[in-house]
Amino acid sequence: MTSPKATPNRGRPAQLSTERIVTCALSLGIGQLSMHKLAKTLGVSATALYRHVTSKEDLIFLCADQVTGNVTTPDIQDWQAYLYALARAYRNAALQWPGSVEFLRYVGLQTPHGLRLMDHALGVLRNAGFGPEGAFMAVAGVVSHATDMVMHQELAEQRAKETQRSDVTDLDALPNVIWAMSEGVGADHERNFEVGLRIIVEGVGCAVAKD
């Protein structure tokens, strides 16, 4: 009587999930994202990816929804305080995923989490007496500001790591730029975000008062 031959140990296959795929896609960034590169990074076949996502477009949609799902919905009814809190929460969520702004801008708030967030925000402004157009533009304005400032911050941080050459040699020809930057304007990303946000929210208040 002979013992059966041992089965060769080929190692366990990589555990693949939609969450793992989305996390990897976010880390690659939308500009570097392809199903082939994603599969290679994860150490799986492209066929394995398609068991979890239907296409690259579907994957981008899932990535945007992942980031938006991390936005803390403000539990506030005062519309001004709500907009401040919403913008800050949106910015914080985007900063958790470097490069995620490109995914968010590609899709907008059209994902399940995004639509629920928009519906909640519109409800707060509707209860405060806003009309449909004013409410929509107020929410879109603070969300756009949040993503803009995240993008500017990430680009500035990336440029700081690289050797930069300026094509502008005659700074005397740019007196207003020098004036604006004389007190470090543009270097403090947190302050820039807050100042811009205040201008937007106060501007919304002025527009509502005029209506």
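**Chat about the core and the fold**

Reader: Hi! Which residues touch the most other members of the largest nonpolar core?
Author: In this predicted model, Leu 38, Leu 59, Leu 86 and Leu 125 do, out of 56 residues in that core.

Reader: Nice. And which helix gives the most to this core?
Author: That is helix α5, spanning residues 79-96, which supplies 10 residues.

Reader: Back to Leu 38 for a second. What is it in contact with, leaving aside neighbours within four places in sequence?
Author: Leu 38 contacts Ile 21, Cys 24, Ala 25, Leu 28, Leu 33, Leu 49 and Leu 59. You'll recognise Leu 59 from the core residues I listed above.

Reader: Cool, zooming out now. How many helices and strands are there?
Author: The protein has 10 helices and 0 strands, so to speak an α-α-α-α-α-α-α-α-α-α pattern when read along the sequence.

Reader: How much of the protein counts as buried?
Author: Buried residues make up 34% of the 211. As for the accessible surface, the total is about 13,500 Å², with 54% belonging to carbon and sulfur atoms.

Reader: And the contacts, what share join residues at least 24 apart?
Author: Taking contacts between residues at least 6 apart in sequence, 72% of them do.

Reader: Last thing, before I head back to the bench: what does the pLDDT average?
Author: The average is 87, and 86% of the residues score at least 70.

Reader: Where does pLDDT stay under 50?
Author: Over residues 1-13. For that stretch the model has 0 contacts beyond four places in sequence.

Key: Residues are numbered from 1 along each chain as its sequence is written. This is a predicted model: local features need pLDDT of at least 70, side-chain atom pairs count only at pLDDT 80 or more; totals for chains, interfaces and linings use all residues. Side-chain values use heavy atoms; hydrogens and water are left out. Helices (H or I, at least four residues) and strands (E, at least two) are DSSP runs, numbered from the N terminus. Buried means under 20% relative accessible area, exposed over 50%, partly exposed in between (1.4 Å probe, protein chains only). Contact means heavy atoms within 4.5 Å. Accessible areas come from the Shrake-Rupley method with a 1.4 Å probe; for residues, only the protein chains shown count as cover. pLDDT is the predictor's confidence in each residue, from 0 to 100. A nonpolar core is a set of buried Ala, Val, Leu, Ile, Met, Phe, Trp, Tyr and Cys residues joined through side-chain atoms within 4.5 Å.
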